[in-house]
Amino acid sequence: MDLAYKDDKQSPDLAVVGGGVIGLAIAWRAAQAGMKVTLFERGELGGEASNVAAGMLAPVAEASLAEQEILALGRQSAALWPEFARQLSASCGLDSSFQECGTLMVATDRDQAVALDREFVLRQSLSLPVQRLRPSQARQLEPGLAPSIHAALNIPGDHTVDPRALTAALSAAAADAGAKLASNTAVAGLLGSADAITGVTLASGEEVSAGAVVVAAGSWSGQLEGIPAQAKIPVRPVKGQILRLRDPAGPGLATRVLRTDEVYVVPRGDGRYVVGATMEELGFDTTVTAGAVYELLRAAAELLPGVWELELQEASAGLRPSTPDNAPVIGPSLVPGLHWATGHHRNGILLTPITADLLLAALQSGELADSASAFTAKRFASTVLA
Ligand SMILES: Cc1cc2nc3c(=O)[nH]c(=O)nc-3n(C[C@H](O)[C@H](O)[C@H](O)COP(=O)(O)OP(=O)(O)OC[C@H]3O[C@@H](n4cnc5c(N)ncnc54)[C@H](O)[C@@H]3O)c2cc1C
């Protein structure tokens with residue numbers, strides 16, 4: 001799959017810039033729908049944010065009063081996940097490791113217990129599926145939890161997927177459906193004018209005409225040359241440091257996602273765990289710091305003491321593509337030929353199925369579905385022009 005771009009002299013219907021989960025899912029769905037698709041990825045497929053993400057599909061655990069449109073989009077996408085995962089493995093024979101494991105939100109001290117109670121009331125008021133648990137009930141479900149926990153909420157519908165397995169499956173499915181995946185091929189900019197985008201210019205200087213261009217370049221989406229002023233999207237990176245651990249004794253320390261307001265522990269179901277993550281506004285810095293590793297491990301072990309016994313396999317950092325309102329940008333811009341699929345912030349893995357569906361429908365109809373109007377690229381036009 002690690003192909004450099006070779007011009008076959010036929011213009012694609014769709015050029016996708018960026019081979020993270022978002023670009024790959026769009027390439028897969030568009031190729032399935034019969035479009036001739038070329039995806040350009042400047043490094044390895046899925047090598048950036050999609051490579052470090054924990055893979056929580058957690059619209060209910062992450063619900064907030066201020067972000068109800070994101071909550072609704074997240075719940076729609078969560079509902080699509082089981083069938084999306086099934087179709088993906090049926091298409092390419094690879095498993096994306098979608099797991100229906102559920103989630104516990106846990107308070108490890110009295111202050112957190114008061115805050116968790118407010119979270120419970122919020123979710124109840126929004127009619128979200130959530131159940132209050134006594135500490136003993138939580139420990140019956142997850143015996144590895146610290147005996148000192150103060151309270152817990154059971155969120156049975158928030159699940160997980162392994163983003164690395166997902167990237168591999170999406171890459172295989174997109175290629176099987178006929179998409180051309182050109183890795184190690186950077187796009188320098190967009191081709192065309194303020195009236196219409198007609199393709200992309202590669203870093204090599206080569207120009208590739210395309211019926212439409214989708215920018216799914218993650219945190220780098222705003223950096224392409226030639227984006228017309230009225231179509232610009234202000235995308236910034238939000239750094240996240242994250243750990244990967246392994247239990248040599250195999251699975252069982254935790255079977256659900258466990259989270260406090262400081263940390264989460266995501267079980268992969270096979271003895272591997274992901275512990276994350278920091279949220280840092282540091283530009284394009286991806287340094288892993290001793291302080292972050294220490295704080296993540298300390299908070300995780302306070303929740304699940306068995307964490308101290310695990311092997312630390314990897315510490316990494318990635319960049320969440322984020323817009324000023326931290327909501328994604330999906331669909332047509334004000335310039336014909338240019339579409340956006342970026343800004344998924346903390347929820348890009350969760351939002352992969354719905355983003356691909358919305359973008360494909362927008363490519364076919366020329367418009368973003370009314371139900372997703374909160375995520376239109378056009379909402380930033382006046383901000384950028386001002
Ligand atoms: C620590 C951490 C934990 C996370 N946990 C979760 C989670 O549990 N659940 C969840 O839903 N989300 C999570 N996320 C968020 C999620 O990872 C992102 O929202 C998602 O991966 C974004 O996908 P993407 O394809 O838009 O971006 P990316 O995966 O960053 O992909 C963009 C791609 O574009 C390529 N590119 C950039 N510029 C160019 C160019 N000029 N030419 C060609 N290619 C280019 C890049 O090389 C990159 O591969 C997490 C993120 C982090 C950092």
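Ile330 stands opposite Ala341 in strand E19. I start there, on a small hairpin. Keep in mind that this is a predicted model.

The hairpin pairs strand E18, residues 329–332, with strand E19, residues 338–342. The two run antiparallel, over four bridges. Five residues sit between the strands. One residue to check on your screen is Gly337, which takes a positive phi near 95 degrees.

Move on past E19. His345 is found in the loop between E19 and helix H8, residues 352–365. His345 has a positive phi of about 50 degrees, and it is not a glycine. Most residues other than glycine have a negative phi. Is His345 buried or exposed? His345 is buried, because 22 other C-beta atoms lie within 10 Å, and the cut-off for buried is 20 or more.

There is another non-glycine like that. Asn184 also has a positive phi of about 50 degrees. Asn184 lies in the loop between strand E8, residues 180–182, and strand E9. Its surroundings count 14 other C-beta atoms within 10 Å, so Asn184 is partly exposed.

That loop leads us into E9, and into the three-strand sheet. The order is E9-E10-E11. The sheet is open, and the pairing is antiparallel. E9 and E11 are the edge strands, each pairing on one side only. From one strand to the next, the twist averages 30 degrees.

Now the register. E9 covers residues 187–192, E10 covers residues 197–202, and five bridges join them. Val187 has Leu202 as its bridge partner in E10. Leu190 has Val200. The hairpin from E9 to E10 runs through four residues.

Next pair. E10 meets E11, residues 207–209, over three bridges, again antiparallel. Thr201 is bridged to Glu207 in E11. This hairpin also has four residues between its strands, and Gly205 there takes a positive phi near 100 degrees.

Now the eight-strand sheet. What is the strand order? Reading across, E5-E6-E4-E14-E15-E16-E13-E17. The sheet is open, with mixed pairing. Strand E5, 131–133, and strand E17, 311–322, stand at the edges. Each has a single partner strand, so one side of each is left without a neighbour in the sheet. Here the twist averages 20 degrees from one strand to the next.

One pair inside that sheet. Strand E4, residues 103–107, and strand E6, residues 151–155, are antiparallel over five bridges. Met105 is matched with Leu153 in E6.

Stay with strand E16, residues 272–276, for a moment. After E16 comes a loop that runs to helix H7, residues 290–303, and Ala277 lies in that loop. The peptide bond from Gly276 to Ala277 is cis, with omega near -20 degrees. As a reminder, most peptide bonds are trans.

Zoom out to domains. The chain is divided in two. Domain 1 is 14–52 + 164–235 + 325–385, and domain 2 is 100–158 + 236–320. Their centres, over C-alpha atoms, are separated by 31 Å. The contact takes 10 residues from domain 1 and 10 residues from domain 2. On the domain 1 side, that is four nonpolar, four polar and two charged residues.

What about the largest nonpolar core? It has 128 residues. Val17, Ile26, Ala27, Val213, Val214 and Val265 touch the most other members. Helix H1, residues 21–32, gives the largest share, nine residues. Both domain 1 and domain 2 contribute, so this core lies between them.

Take Val265 from that list. Which residues does Val265 touch, not counting those up to four places away in sequence? Ala254, Leu258, Tyr273, Val275, Ala300, Leu303 and Leu304.

Last stop, Ala63. Ala63 lies in the loop between strand E3, 56–57, and helix H3, 68–92. Ala63 counts as buried because it has 21 C-beta neighbours inside 10 Å. Leaving aside neighbours within four places in sequence, its contacts are Leu71, Leu122, Arg123, Leu126 and Leu128. Look at Leu126 in particular. Ala63 and Leu126 are 63 residues apart along the chain, and their C-alpha atoms are separated by 9.4 Å.

That is the tour. Questions, please.

How values were computed:
Residues numbered from 1 in each chain as written. Predicted model: local features only at pLDDT ≥ 70, side-chain atom pairs only at ≥ 80, totals over all residues. Core = buried A, V, L, I, M, F, W, Y, C linked by C-beta atoms within 7 Å. Buried ≥ 20, exposed ≤ 12 C-beta atoms within 10 Å, placed from the backbone. Domains from an automatic or database assignment. Contact = placed C-beta atoms within 7 Å. Pairing = 2+ DSSP bridges. Axes fitted to C-alpha atoms, helices over the stretch in contact; angles between N-to-C directions. Nonpolar A, V, L, I, M, F, W, Y, C, P; charged D, E, K, R; others polar.
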